[in-house]
Amino acid sequence: MAKIAFIAPDQILLKNSKQIALELGCYEYTDFYFSQLNDAVSLARSLENTDVDAIISRYGTAFLLLNAKISIPIVEIMITGQDLAQAFYEAKKLVHHPHPRLTYLAFENMANDIIRLSNILDIDLRVLKLKTSEDIHKTIDHISLKNTDVLMGGANAVSYAASCGFLTQLVQSGDCSLREAFKSAQKILLARSSERKRTEEFRTIVNSLREGIICVNQEKNIQFVNSAAEIFLRQSQKELTGKRIDEFKHHHLLQECLPFIDDCLKSGQKIIDKILKIGPFWINFNFLPIIVKQKIIGAAITSQDVTQIQEMEIKIRNEVLTKKFIAKYHFNDILGESPQVFEAKRTAEEFASVDTTVLIFGESGTGKELFAQSIHNASNRAHGPFVAINCAALPTNLLESELFGYVDGAFTGARHKGKQGLFEMAHRGTIFLDEISEMAPYGQSRLLRVLQERQVMRLGDDKYIPIDIRIIAATNKKLTKLVNEGVFRQDLFYRLKVLTVTIPPLRQRTGDILYLTQHFLQHYTIKHQRPHELDRSATVLLENYNWPGNIRELRYFIERLVIITKEFHINDTILEKYWDDRTDICENSDFVKSTTPIPERSEKETIMQAIADSHANISKAANQLSMDRSTLYRKLKTYKIEIKKRYI
């Protein structure tokens, strides 16, 4: 989940920020850090490769982070006119004088605003500008006590000035400024989430194309190369990105493209379907200018082997009209981080590499067809059809004609010229028999023969048609029990039970309820443009529910929640209000609960080591980890780390 990092140089600001975060409902996904100016940049850099999407800090810290070009967006807590006026008033009270001589140490991002306000208020103020944290001590060391009644500034400046004998006044940010900063950070989190989704969508689409794509800027430096272009060029994107095309003098393909790239960058004209002979291959090129605000900023080059185009055309002509069955899901589409689902995916991926019958066990809503399609797409039959049949929805009187087809005149109303059955349509592909336990006895006997003979006979015909198919079956019932009851054929069961995959129910997938909840919440928040956040009480309620409908139930509940809930911040009370179909009684399951242990994460290990190093002293451990005590307590609760010492 995306997070906010709040970095403060003083404890007062840190305390106030926590209260504001609680009010705004963003405390759960905000980490609070106490850090001096000298350490702020290194702390921010350590957060760059984490799930932090926004950093909130005050003017001095924010100034240093912006100058350090931290990649995470920085939200600056502004000092308002009211904050400054209050500080000036407090400074006057210190010296009991209506016109004290004030000196303000301010970073450049605040200096001009302070000067303008002092002129409006007719205050005797001298502003000394700072560029780095080191400037604080240097500047104060050159200020004369005789010429200054009160020295003003941030926590670091005030602390050092006080040690040098100055009367000091700390300038603090008010609640209004903190609220605005947190609201801005929340907007950044939503925008970054949407941007990340669009980027991944674009990257996936571009890398899935058969055409090689190369993008260059006006200086002919390579900016992007997709997967197909890497194959064409026989070099990785990492090796190519950032280099000029004319540097690759040994690369015949790039050298042949150079004159056309130059023309495209100069004229801004498209060069379409330019066929060049590169070695033994004929390659079709397109050169397209990239134009922003009527200015040519680069060019995109697409390439494709002409032979591949010809083969594709033949394949389309032969198959597109008859091949109606396509599997769209892959293993990457199966979401979850639990060891249980990881093991199920690992097993299924192993089975995909061999051409053998697979039987999938899993409760309703666990994603059995998702696994079946993923196995098909990872197998050698990926380019063949994927035919899915719901055995429970297939009436006995239609079973033969649908599965095996029929010839002309086989029965009254039969289609002229007959019809292919589903087994024939799955030739050289995969047939998926969902809810196999619901198949009628007659259908079971016919299926057994197909498994044994690998051939079918159409209804009304007298000859067999050989078929090359792989069978994947799925059930949400325990077939051994049905076999013992005489409902399911034992010989068919053993024919199907060659390789088995058991998909764990959602309630047994350690940590996946929260993971999938956040995924679906983010997806439907963006889809329906209705932002919501779940607090810890709501997620606890979701995690403790049994989810008899599994992922299907969770997914559509979250979508319904996003659509009908008016509140932005959703707690357990609000959740229960809209959970009208909730039941705490899980349906009986035929599947054994997994006991696979939760894998330890690197952050958990780091925290445990800090606890051990500090002999369970929370303050020392938090200091070692550069995080606030409350943040550490929350992480201890999240990772279920017990502190056995009594003196925490």
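## Helix H17 and what follows

Just past helix H17, Arg454 adopts a positive phi of about 55 degrees. Keep in mind that this is a predicted model. The helix itself covers residues 441-453, and a quick check on its length works out: at 1.5 Å a residue, its 13 residues should span 18 Å, and the end C-alpha atoms are 19 Å apart, which agrees.

Which residues of H17 are buried? They are Gly443, Gln444, Arg446, Leu447, Leu448, Val450 and Leu451. Take a second look at Arg446: its charged end sits over the ring of Phe404, 4.2 Å from the ring's centre.

## A five-stranded sheet

Now for the strands. Five of them make an open sheet, and reading across you get E10-E9-E13-E12-E11, with antiparallel pairing. At the edges are E10 (222-225) and E11 (271-278), each of which pairs on one side only. Going from one strand to the next, the twist averages 25 degrees.

Zoom in on one edge: E11 and strand E12 (residues 281-292) run antiparallel and are joined by six bridges. Here you can find Ile271 standing opposite Phe287 in E12.

## Aromatic rings in pairs

To describe a pair of aromatic rings, you give the distance of the centres and the angle of the planes. The model has 15 aromatic pairs. One of them is Phe6 with Phe32: the centres are 6.0 Å apart and the planes are at 40 degrees, so this pair is tilted. Phe6 belongs to strand E1 (residues 3-8) and Phe32 to strand E2 (residues 30-34), so the pair ties together parts that are 26 residues apart in sequence. Are these two buried or exposed? Phe6 is buried at 0% relative accessibility, and Phe32 is buried at 0% too.

Another tilted pair is Phe63 and Phe107, with centres 5.4 Å apart and planes at 40 degrees. Phe63 is in helix H3 (residues 59-67) and Phe107 is in strand E5 (residues 102-107), so parts 44 residues apart in sequence get tied together. Both Phe63 and Phe107 are buried.

Back to Phe6 and Phe32: ring pairs link them with Tyr27 and Phe182 into a cluster. Phe32 also has a charged partner, as the charged end of Lys18 sits over its ring, 6.0 Å from the centre.

## Cysteines without bonds

A disulfide is a covalent bond between the sulfur atoms of two cysteines. How many disulfides does the structure hold? Zero. For Cys176, the closest cysteine sulfur is in Cys26, 15 Å away, so it is too far for a bond. Cys176 counts as exposed, at 53% relative accessibility, while Cys164 is partly exposed, with a relative accessible area of 30%.

Terms used: Residues are numbered from 1 along each chain as its sequence is written. This is a predicted model: local features need pLDDT of at least 70, side-chain atom pairs count only at pLDDT 80 or more; totals for chains, interfaces and linings use all residues. Side-chain values use heavy atoms; hydrogens and water are left out. A disulfide is a pair of cysteine sulfur atoms within 2.5 Å. Buried means under 20% relative accessible area, exposed over 50%, partly exposed in between (1.4 Å probe, protein chains only). Two strands pair if DSSP finds at least two bridges between them. Helices (H or I, at least four residues) and strands (E, at least two) are DSSP runs, numbered from the N terminus. Axes are lines fitted to C-alpha atoms, for helices over the stretch in contact, and angles run from 0 to 180 degrees between N-to-C directions. The expected span of a helix is 1.5 Å times one less than its number of residues. Rings of Phe, Tyr and Trp (its six-membered ring) pair if their centres lie within 6.5 Å; planes under 30 degrees apart count as stacked, over 60 as edge-to-face and the rest as tilted. A charge sits over a ring if NZ of Lys or CZ of Arg is within 6 Å of the ring centre and within 35 degrees of the ring normal.
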